[in-house]
There are 2 protein chains.
Amino acid sequence: MQSKVTIYDVANAAHVSMATVSRVMNNNPKVKKETKERVLKVIHDLNYHPNAVAQGLASKKTTTIGVIIPDLTNSYFANLAVGIDDIAMMYNYNIILSNSNEDTEKQNKIIDNLLAKQVDGIIYMGRNQTEHFQNVIKESETAVVLAGTVDNQNTPSVNINYRKATHDATNFFLKQKQKVALVVDNANFPINAEYRIPGYRDALKENDIKFDKNLIFENHNSDSVNSSIYNNIYESGATAAIVDNDETALLLLNKGFNLGKKIPNDFQIISSNNTIVTKYGRPMISSITQPTYDIGAVAMRILTKIMNNEEVKEKNIYLDYDIIHRGTTRI
Amino acid sequence: MQSKVTIYDVANAAHVSMATVSRVMNNNPKVKKETKERVLKVIHDLNYHPNAVAQGLASKKTTTIGVIIPDLTNSYFANLAVGIDDIAMMYNYNIILSNSNEDTEKQNKIIDNLLAKQVDGIIYMGRNQTEHFQNVIKESETAVVLAGTVDNQNTPSVNINYRKATHDATNFFLKQKQKVALVVDNANFPINAEYRIPGYRDALKENDIKFDKNLIFENHNSDSVNSSIYNNIYESGATAAIVDNDETALLLLNKGFNLGKKIPNDFQIISSNNTIVTKYGRPMISSITQPTYDIGAVAMRILTKIMNNEEVKEKNIYLDYDIIHRGTTRI
DNA sequence: CTGAAAGCGCTAACAA
DNA sequence: TTGTTAGCGCTTTCAG
């Protein structure tokens with residue numbers, strides 16, 4: 001193996017200084033045209049590829065960003081990640097992707113790693129940032145953008161208006177005099193405690209219905225087919241459910257079928273993320289629609305701006321949502 | 001913001017040389033106990049965190065590996081990625097994850113990026129490595145392991161025996177005198193051309209049935225709900241199908257229902273990856289079972305060995321598979 | 001427009 | 001057991 005060719009070798013072969021080669025590589029305009037071409041030719045002939053690690057050390061920019069994802073196998077977050085990845089690649093950033101499992105220790109380890117690797121920025125997805133995460137970010141002054149994620153720190157973020165979306169979905173059912181259950185992973189997560197549940201209650205209040213906390217169900221992030229939560233929902237007397245996770249909604253639908261429920265006649269469902277999973281249902285599942293890919297893409301775009309110290313007008317961006325009625329709702 | 005504390009600051013404060021600090025950080029045994037403790041205390045007091053980029057440049061090891069995935073939103077690959085990520089974290093590696101979309105240009109760009117970032121190794125998932133990829137890998141001598149992926153280059157890999165698994169599934173149907181279709185993404189990909197289709201033909205031959213190429217269907221990686229392929233399959237006269245992708249199998253199942261097919265009475269299905277998606281079916285989908293997570297995990301483990309120049313006995317590892325009969329097969 | 005030279009923060013001989 | 005000293009490969013003033 002011919003040992004790696006460095007900028008030094010290029011400089012030598014082209015009879016210029018390393019500085020000039022560096023300028024050529026970085027498209028610095030003040031290099032004479034002929035010089036540039038000569039250098040470019042040598043670069044090509046020698047098959048020179050700059051060492052990004054060395055560049056990173058010298059320039060203090062790694063063109064790498066960290067992405068923290070709660071669960072790679074969750075269709076919603078996976079779609080966000082694809083949006084992030086596409087835009088990152090477009091702007092020539094690489095992504096260090098880590099699966100947090102929403103686990104505290106793991107998250108702490110991840111953030112330390114990311115910072116050690118000198119990432120230029122971080123996109124965080126998830127529902128429970130650790131204190132350590134927040135402290136460390138603050139100190140390090142690393143740019144962070146939340147995607148499909150809220151916190152109570154005014155961190156830049158890209159989302160839909162969960163409160164209003166949940167409100168709308170609840171209202172849809174309430175107009176039909178349904179008794180509506182709200183199914184969330186964990187009622188204490190900010191996204192639920194501060195957005196979805198308040199949105200649900202907003203609608204209740206508008207319709208003069210008393211809030212019943214027994215109609216809030218938590219499935220604690222479990223995709224388990226055998227969770228008892230599905231039975232509980234059907235036995236609660238609810239006639240409709242808004243579910244914060246497509247996988248859960250599908251499992252709920254199937255369980256209803258097994259229990260002999262007619263959906264949407266006996267029971268209606270609106271899911272929240274409109275991933276492909278909603279299409280796996282029989283009937284297909286009605287859902288709040290989110291521009292999932294775009295949320296990731298916009299988050300990444302914002303992050304590039306922050307990293308370049310460009311002005312960003314809106315720190316907290318809300319993209320449009322809607323509700324699509326498929327087979328699990330009556331209209 | 002207090003400017004970053006470096007190894008130099010630590011050395012100063014602890015009245016030792018940088019080398020000693022470095023030794024402490026790297027757990028070099030030949031540091032006197034008291035010295036070590038003093039340094040450790042300073043490290044803690046100063047809240048020193050080593051700069052991995054500088055370490056990478058000096059040591060020529062980045063403790064970062066590249067992972068190429070065809071589609072983050074595909075449940076099978078996402079599960080592999082989780083296995084990879086877990087073991088990587090266990091061994092203190094970070095993962096640069098890139099979505100290739102099985103796109104040639106994108107793959108080429110990704111591999112160049114990864115190499116520029118000086119990753120210590122690469123895990124490749126996908127079905128069509130580009131020539132550029134293979135050339136560049138060879139030159140760079142970067143360790144590569146394939147996960148859930150085959151090639152024709154004898155690259156280290158972790159898989160199940162796709163040929164035998166497909167053979168078994170086909171045989172299961174043939175024993176029932178079914179006319180069996182084989183549904184793959186692309187018949188030319190090595191995994192299909194050299195494993196699944198031969199496995200299918202093996203079983204045919206054993207049962208003295210003539211191969212009919214019209215029973216091989218390609219869905220070209222599309223998850224599309226509206227693909228015409230489903231109709232074609234049902235209209236082909238086949239009474240059973242082996243499908244290489246759980247998402248496709250589910251869509252096929254649902255389409256059958258819409259066409260009024262009774263499954264498994266009129267038509268049977270065996271899927272290939274046993275991801276959670278098989279559980280979304282009504283009935284749940286019978287499937288070849290693969291230790292998906294383990295394939296990723298083992299691939300990562302092998303990669304650590306290769307990167308450490310440890311001996312690896314088996315270059316190509318085959319994990320156990322089985323067939324689980326759920327609701328889409330008759331037994 | 002180009003070059004010299006000083007780092008970036010760390011590791012790894014080599015000495016002591 | 002510890003310190004000295006070269007680098008690792010690149011960017012970036014500062015001169016010219």
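Which side chain of chain B meets A:Asp86 in a salt bridge? Keep that one in mind as you go through the close-ups of this predicted model.

**View 1. A salt bridge joins chain A to chain B.** The partner of A:Asp86 is B:Lys106, and their N and O atoms sit 2.9 Å apart. Across the interface of the two chains, the rule turns up two salt bridges. Side chains of opposite charge can pair when their charged atoms come close.

**View 2. Here is the contact between chain A and chain B.** Each chain brings 53 residues to the contact. Put together, chain A and chain B bury about 5000 Å², with 58% of it on carbon and sulfur atoms. On the chain A side, look for A:Met89, A:Tyr280 and A:Arg282: these lose the most area to chain B, together 17% of what that side buries. There are also 21 residue pairs in polar contact between the chains, counting pairs with both residues at pLDDT 80 or more.

**View 3. This one shows the side of chain A that touches chain B, element by element.** Elements giving two or more residues here include α4 (52-59), β2 (94-99), α6 (104-116) and α11 (246-258) of chain A. The largest share, seven residues, comes from α5(A), which spans 75-90. Sort this side by class and you get 25 nonpolar, 17 polar and eleven charged residues.

**View 4. Now for the open sheet of chain A.** Six strands line up in the order β7-β6-β8-β9-β10-β12, with mixed pairing. At the edges are β7 (216-218) and β12 (322-324) of chain A, each paired on one side only. From one strand to the next, the twist averages 20 degrees. Strands of a sheet pair through backbone hydrogen bonds, either parallel or antiparallel.

**View 5. Zoom in on β6 of chain A and its surroundings.** Strand β6 (residues 180-184) runs parallel to β8 (residues 240-243) of chain A, and the two pair over four bridges. Within this pairing, A:Val183 stands opposite A:Val243 of β8(A). Lying across β6 and β7 of chain A is helix α9 (residues 190-206), which runs at about 170 degrees to β6(A).

**View 6. A salt bridge links distant parts of chain A.** A:Asp185 pairs with A:Arg127, their closest N and O atoms being 2.4 Å apart. A:Asp185 belongs to the loop between β6 and α9 of chain A, while A:Arg127 belongs to the loop between β3 (121-124) and α7, and the two residues are 58 residues apart along the chain. Over all chains, a search of the whole structure finds 16 salt bridges.

Notes:
Residues are numbered from 1 along each chain as its sequence is written. Chains are lettered from A and ligands numbered from 1 in the order in which they are written. This is a predicted model: local features need pLDDT of at least 70, side-chain atom pairs count only at pLDDT 80 or more; totals for chains, interfaces and linings use all residues. Side-chain values use heavy atoms; hydrogens and water are left out. Two strands pair if DSSP finds at least two bridges between them. Axes are lines fitted to C-alpha atoms, for helices over the stretch in contact, and angles run from 0 to 180 degrees between N-to-C directions. Contact means heavy atoms within 4.5 Å. Buried area is the accessible area (1.4 Å probe) that two parts lose on being put together, summed over both. A salt bridge is a side-chain nitrogen of Lys or Arg within 4 Å of a carboxyl oxygen of Asp or Glu. A polar contact is a pair of N or O atoms within 3.5 Å; within protein, one must be able to donate a hydrogen and the other to accept it, and residues adjacent in sequence count only if both atoms are side-chain atoms. Ala, Val, Leu, Ile, Met, Phe, Trp, Tyr, Cys and Pro count as nonpolar, Asp, Glu, Lys and Arg as charged, and the others, Gly among them, as polar.
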